[in-house]
Amino acid sequence: MPPETIRTLPFGTALVLLRSAPPLVTDLRAWTRRKDADLIATQRAAVEASLRRR
């Protein structure tokens, strides 16, 4: 995939690169819009607190 194509990808898309597969363009979804966003936020806070204690 040429660089000029990569640069024109809209916000919210990702380029997935695997060794032997062609590039894959996919849409991203904000984790805050997931059904389990509250659980993710709680677990994220726990991980961040654990890292601060180190």
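## Briefing: a stretched-out α-β-β-α model

R44 and E48 sit four residues apart in helix α2, so about one helical turn separates them. Their side chains meet in a salt bridge, at 3.0 Å from N to O. Keep in mind that this is a predicted model. Overall, the protein has two helices and two strands, and just 6% of its 54 residues count as buried.

**Overall build**

- Reading from the N terminus, the elements come in the order α-β-β-α.
- How does the radius of gyration of the protein stand against that of a compact globule of 54 residues? The protein comes out at 17 Å, whereas such a globule would be near 10 Å.
- Along the principal axes, the C-alpha atoms take up a box of roughly 45 × 30 × 20 Å.
- One pair gives a feel for the distances here: L18 and L51 are 33 residues apart along the chain, and their C-alpha atoms are separated by 31 Å.

**Surface and charge**

- The accessible surface adds up to about 5100 Å². Carbon and sulfur atoms account for 57% of that surface.
- On the charge side, the protein carries 10 positive and 5 negative side chains. The centres of these two sets are 6 Å apart.
- M1, I6 and V25 make up a nonpolar patch on the surface. Together these residues offer about 230 Å² of accessible area.

**Salt bridges**

- Side chains of opposite charge can pair when their charged atoms come close.
- How many salt bridges turn up in a search of the whole structure? There are two.
- The R44 and E48 pair, already met above, is one of them. R44 has a relative accessibility of 44%, so it counts as partly exposed. E48 is partly exposed as well, with a relative accessible area of 34%.
- D36 and R34 make a salt bridge too, with their side chains meeting at 2.9 Å, N to O. D36 is partly exposed, at 28% relative accessible area. R34 also falls in the partly exposed class, with a value of 35%.

**Strand β2**

- Strand β2 covers residues 24-27 and includes V25. V25 is partly exposed, with 39% relative accessible area, and it is one of the residues in the nonpolar patch.
- T26 lies in strand β2 too. Its relative accessible area is 30%, so T26 is partly exposed.
- How far apart in space are T26 and T13, C-alpha to C-alpha? The distance is 5.5 Å, although the two residues are 13 apart in sequence.

**Helix α2**

- Helix α2 spans residues 37-53, with L51 among them.
- Is L51 buried or exposed? L51 is exposed: its relative accessible area is 51%, and the exposed class begins over 50%.
- The R44 and E48 salt bridge belongs here as well, since both residues are in helix α2, separated by about one helical turn.

Technical notes
Residues numbered from 1 in each chain as written. Predicted model: local features only at pLDDT ≥ 70, side-chain atom pairs only at ≥ 80, totals over all residues. Heavy atoms only, no water. Rg over C-alpha atoms; globule rule 2.2 N^0.38 Å. Buried < 20%, exposed > 50% of the residue type's maximum accessible area, 1.4 Å probe, protein only. Areas by Shrake-Rupley, 256 points an atom, 1.4 Å probe, with all protein chains shown as cover. Lys, Arg positive; Asp, Glu negative; His and termini not counted. Charge placed at Lys NZ, Arg CZ, Asp CG, Glu CD. Patch = residues over 30% accessible without salt bridge, like charges linked within 9 Å, V, L, I, M, F, W, Y side chains within 5 Å. Salt bridge = Lys/Arg side-chain N within 4 Å of Asp/Glu carboxyl O.
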